[in-house]
Amino acid sequence: MALAVTCSISISSSSSSSSTFQSSQPKFSQIASIRVSEIPHGGGVNASQRRSFVKPPQRSRDSIAPLAATIVASDVAETEQDNYQQLAVDLENASPLQIMDAALEKFGNHIAIAFSGAEDVALIEYARLTGRPFRVFSLDTGRLNPETYRFFDEVEKHYGIHIEYMFPDAVEVQGLVRSKGLFSFYEDGHQECCRVRKVRPLRRALKGLRAWITGQRKDQSPGTRSEVPVVQVDPVFEGVDGGVGSLVKWNPVANVKGHDIWSFLRTMNVPVNSLHSKGYISIGCEPCTRAVLPGQHEREGRWWWEDAKAKECGLHKGNVKQDAEAELNGNGVANTNGTATVADIFNTQNVVSLSRTGIENLTKLENRKEPWLVVLYAPWCPYCQAMEESYVDLADKLAESGVKVGKFRADGEQKEFAKRELGLGSFPTIMFFPKHSSRPIKYPSENRDVDSLMAFVNALR
């Protein structure tokens with residue numbers, strides 16, 4: 001069990017075989033009491049008089065429930081009656097520290113922080129500042145970067161904790177690798193590998209808990225995480241009691257922007273993964289993670305060979321239900337009635353919106369009056385959204401240059417046409433149609449800043 005806190009414990013018992021932890025505090029009539037000392041080098045919530053009861057552990061096989069007696073908050077038994085939707089509303093404007101404190105107070109040792117080895121180390125720092133005991137677990141897939149493993153060790157030493165690692169089933173991994181090889185995800189998608197190495201180990205871990213804490217933020221993936229609440233009943237996984245509604249999911253930094261997370265980490269002098277200094281923002285397994293380039297969204301460094309809609313590994317599958325429905329409807333993120341709720345992008349007078357007929361005519365012309373730059377996009381795609389500003393700026397710069405700038409929405413019913421006739425691979429795809437050639441040229445780079453796009457245009461016009 002990982003308790004990142006300075007505490008003094010006294011345990012009294014009439015049995016001579018009882019273990020006794022020496023304490024300067026007087027003994028109490030309870031079976032156990034915990035007194036949390038003042039937090040070093042930083043403020044926090046005053047917790048000097050907090051107490052919790054000791055109960056025998058209720059563990060499922062391979063869960064991360066501790067082997068020792070389990071400390072639980074006094075109101076855990078009432079959680080099923082709580083209205084978490086209302087609690088989310090009440091905490092919507094609360095600080096991450098307040099939300100973290102509420103989570104730890106409510107669930108005690110039946111809650112744990114899910115730590116990926118990235119900037120979600122901020123969760124551990126917030127937990128430390130509450131002054132409450134806390135636990136941390138992580139999924140070791142066996143494919144992480146060496147820098148991430150070293151970072152785990154650094155975090156453990158910095159906070160004086162032991163991270164509870166969960167591993168994939170060796171037989172399942174062996175079967176996957178023997179039948180499909182070490183890198184099958186490059187050919188048939190990452191979901192199968194993630195299911196074996198991440199989702200199933202997570203499911204086992206959560207079966208030993210009543211709640212968990214994640215580092216999800218709304219700005220991480222506008223297409224799938226924009227509605228993440230600060231607390232919710234987990235829509236996918238089950239807790240120790242089993243069944244729907246048996247697990248609560250806390251997202252203390254849901255409303256925090258990425259740059260504010262980094263300001264917090266620098267201010268508190270928190271250790272960070274060295275990969276961040278090399279351009280990595282969202283960090284996962286080594287074969288499926290790379291540095292992002294200027295103009296790219298942070299999640300574009302993950303599973304870059306796949307469409308944007310697939311950029312979740314399954315740990316937060318509940319976020320993408322509407323997205324999957326939307327893709328079937330061809331309308332981006334959908335409402336329950338099937339209507340689109342995502343606004344169009346690249347909206348400026350200098351970007352021409354092309355219809356299916358318009359893009360077909362453009363591809364057939366061999367002698368155009370002017371060259372065209374066209375982006376094939378989907379408005380729900382977070383990577384298209386991330387490049388909107390640079391593409392609009394580019395259109396403004398090219399307004400009087402003789403180069404037309406356009407956009408073609410290539411999702412839904414237009415997607416197969418775009419794949420077949422325009423060479424669409426994933427969103428966004430940028431095409432240049434030269435003045436004296438019918439054959440378009442695909443932009444080969446993933447640098448989507450204005451200067452890189454301008455250099456591409458200037459090299460061809």
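The following questions and answers examine a predicted model of a protein.

Q: Which strand has the lowest mean pLDDT among the elements of the protein?
A: Over the protein, pLDDT averages 77, and 71% of the residues score at least 70. Residues 1-61 stay under 50, although the model has 119 contacts for them beyond four places in sequence. Residues 65-74 are also below 50, with 39 contacts beyond near neighbours in sequence. At the upper end, strand β5 (residues 111-114) has the highest mean, 98, while the lowest, 30, belongs to strand β2 (residues 32-36).

Q: What distance separates the end C-alpha atoms of helix α4, and why does it agree with the expected span?
A: Helix α4 covers residues 146-159, which makes 14 residues. The expected span is 1.5 Å times one less than the number of residues. For α4 this gives 20 Å, and the span agrees because the end C-alpha atoms are also apart by 20 Å.

Q: Which elements are included in what covers the buried residues of α4?
A: The buried residues of α4 are E147, T148, F151, F152, V155, E156 and Y159. In an α-helix there are 3.6 residues a turn, so residues three or four places apart point the same way. The cover over the buried residues of α4 includes α3 (121-130), β6 (136-139) and β7 (164-166).

Q: Which residue with a positive phi follows α4?
A: Helix α4 comprises residues 146-159. The residue that follows α4 has a phi near 65°, and this residue is G160.

Q: Is L182 buried, partly exposed or exposed?
A: L182 is found in the loop between α5 (170-180) and α6 (185-188). Together with F183 and Y186, L182 makes a nonpolar surface patch of about 300 Å². Buried means under 20% relative accessible area and exposed means over 50%. The relative accessibility of L182 is 47%, so L182 counts as partly exposed.

Q: How far apart in space are G239 and R204, C-alpha to C-alpha?
A: G239 lies in the loop between β9 (231-233) and β10 (248-250), and its relative accessibility of 0% means that G239 counts as buried. Leaving aside neighbours within four places in sequence, G239 is in contact with L206, K207, L209, S246 and L247. G239 and R204 are 35 residues apart in sequence, while their C-alpha distance in space is 9.3 Å.

Q: Which residues are in contact with S390, leaving aside its neighbours within four places in sequence?
A: S390 belongs to helix α12 (residues 388-397). Its relative accessibility is 12%, so S390 counts as buried. Beyond those sequence neighbours, the contacts of S390 are R448, D449 and V450.

Note on methods. Residues numbered from 1 in each chain as written. Predicted model: local features only at pLDDT ≥ 70, side-chain atom pairs only at ≥ 80, totals over all residues. Heavy atoms only, no water. Patch = residues over 30% accessible without salt bridge, like charges linked within 9 Å, V, L, I, M, F, W, Y side chains within 5 Å. Areas by Shrake-Rupley, 256 points an atom, 1.4 Å probe, with all protein chains shown as cover. Salt bridge = Lys/Arg side-chain N within 4 Å of Asp/Glu carboxyl O. Helix = DSSP H or I, 4+ residues; strand = E, 2+ residues; numbered from the N terminus. Buried < 20%, exposed > 50% of the residue type's maximum accessible area, 1.4 Å probe, protein only. Contact = heavy atoms within 4.5 Å. pLDDT = per-residue confidence, 0-100.
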